[in-house]
Amino acid sequence: MSDPIHNTAHADSHAPSLKMLRSDFPILHQTVNGAPLIYFDNAATTQKPRAVLDALLHYYENDNANVHRGLHTLSNRATASFEHARARVAQFVNATSPEEIVFTRGTTEAINLVAHAWGGAFFKSGDVILLTEMEHHSNLVPWQLIAQKTGAQLRFIPLTEDGLLDLSNLESLLTPEVKLLAFTHISNFLGTINPAVELCRRARAVGAVSFVDAAQSAGHLRLDVQALGCDFLAFSGHKMCAPTGIGVLYGRAAVLEQMPPWQGGGEMILSVRYDSATYKQAPARFEAGTPNIAGAIGLAAAMDYLETVGREEIQAHDEALALYAYEQIAQIDGYRVLGPRSPRGGLVSFVHESVHPHDLTSYCDQKGLALRGGHHCNQPLMRKMGLPSTSRASFYFYNTHSEVDQMLAILAQAHQFFA
Ligand code: 7TS
């Protein structure tokens with residue numbers, strides 16, 4: 001069979017296998033405001049293939065029951081599927097064991113869990129939490145909250161003019177006071193791919209724990225937590241073809257074992273008295289209450305699906321579309337693209353010299369083109385760059401070069417329309 005994804009410009013018009021992939025996504029085949037939908041808001045959430053929808057339906061039609069507590073067949077089946085999903089995730093990120101995988105609602109909840117549980121136990125006054133200036137609010141506000149509680153301080157790795165991390169002074173930032181370094185793998189605003197292996201290694205060298213926010217990378221490139229050398233890593237299922245409400249916290253076994261519980265409730269206890277309780281080992285200790293069972297099963301189905309598409313092919317395709325869009329948007333009168341040229345994740349942020357990004361994004365919506373306009377939860381960096389907001393096109397493997405060409409035509413029309 002030929003390569004399912006073609007990453008040379010315009011090759012997709014001759015790619016029957018890519019068209020076949022699109023047919024796996026029922027939602028893509030509709031018109032919006034009278035035009036065929038072009039869905040370029042994948043950094044916010046991706047669409048779901050039939051295989052994932054079927055897995056959800058199959059679970060609810062055949063196996064639905066609560067997990068880990070039933071002595072009946074459906075409960076045992078639901079438990080087996082849920083724990084199979086955990087093992088699938090472990091394999092997907094190359095964790096050493098499923099016990100290193102904690103299910104959460106998403107990236108945001110995973111970061112809050114670590115900030116409150118790990119940070120709450122181990123941060124003390126004078127400690128430093130090192131972040132970067134390009135963090136999503138999810139990887140900033142939870143650390144602010146725990147810093148206020150513990151007396152720890154936040155410190156930031158600055159950016160270069162090109163939108164890369166400026167690591168020239170890392171030594172002076174990554175001092176022995178730094179207890180944790182948390183950074184985004186791929187910026188959801190600039191598309192920058194950060195040197196995760198190097199950052200984790202440098203953190204380890206000063207005895208700091210590392211936390212990789214993989215929300216924008218997990219569905220786009222092959223993640224290997226052992227090769228990255230990270231202590232924690234988090235991502236959201238919904239940005240990689242799985243349902244909303246399910247996400248993952250990976251924690252290296254030795255670090256996870258030290259972490260006290262965050263939320264209390266059913267499932268996470270060994271034994272409870274009126275005045276005290278003892279807790280299970282990780283990961284159960286961090287999964288209080290009934291989990292998102294169907295979501296975990298959908299996530300495993302999504303991982304199987306992404307594996308059949310080909311994770312290297314996905315990365316190459318998304319990056320090729322982003323690079324093509326980046327170079328071509330810059331050629332259209334009135335537009336400026338942001339962030340480094342290459343390498344980049346599968347997204348491009350841009351601004352028009354006089355049209356507000358919200359007006360531009362609404363104009364595009366009228367043509368069936370779904371972009372995101374806003375601050376992309378990067379307010380501090382936007383403010384620093386003097387931007388109120390941007391428009392952003394973000395791609396996935398079911399997007400095509402001809403869709404990018406249609407976007408370019410719409411952006412050129414918008415320039416005329418608003419002139
Ligand atoms: N970290 C990064 C880098 C993100 O891009 C996002 C979501 C999150 C964390 C939070 O993920 P959640 O699933 O817990 O909400 N980013 C975006 C976006 O770019 N547009 O909408 C959500």
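This passage describes the ligand site and several salt bridges of a predicted model. Local features need pLDDT of at least 70 and side-chain atom pairs pLDDT 80 or more, while totals for chains, interfaces and linings use all residues. Residues are numbered from 1 along each chain as its sequence is written, and side-chain values use heavy atoms, without hydrogens or water.

The ligand is a friendly place to start. It is surrounded by 16 residues, each having a heavy atom within 4 Å of it; the closest are Thr108, Asp213, Ser236, Arg372 and Arg392. Both domain 1 (8–45 + 310–418) and domain 2 (65–307) supply at least three residues of this shell, the bounds coming from an automatic or database domain assignment. A polar side-chain atom of Asp213 lies 2.6 Å from a ligand nitrogen, and one of Gln216 lies 2.7 Å from a ligand oxygen. Of the 490 Å² of accessible area that the ligand has on its own, the protein covers 87% (Shrake-Rupley method, 1.4 Å probe).

Turning to charged pairs, the model holds 17 salt bridges (a side-chain nitrogen of Lys or Arg within 4 Å of a carboxyl oxygen of Asp or Glu). One of them joins Glu307 to Arg311, at 3.4 Å from N to O. Arg311 is buried at 4% relative accessibility, whereas Glu307 is partly exposed at 30% (buried is under 20%, exposed over 50%, partly exposed in between; 1.4 Å probe, protein chains only). Both residues belong to a salt-bridge network with Arg88, Arg222, Asp304 and Glu312. Another salt bridge pairs Glu109 with Arg105 at 3.3 Å; here Glu109 is buried at 17% and Arg105 is exposed at 58%.

Terms used. Polar contact = N/O pair within 3.5 Å; in protein donor to acceptor, adjacent residues only side chain to side chain.
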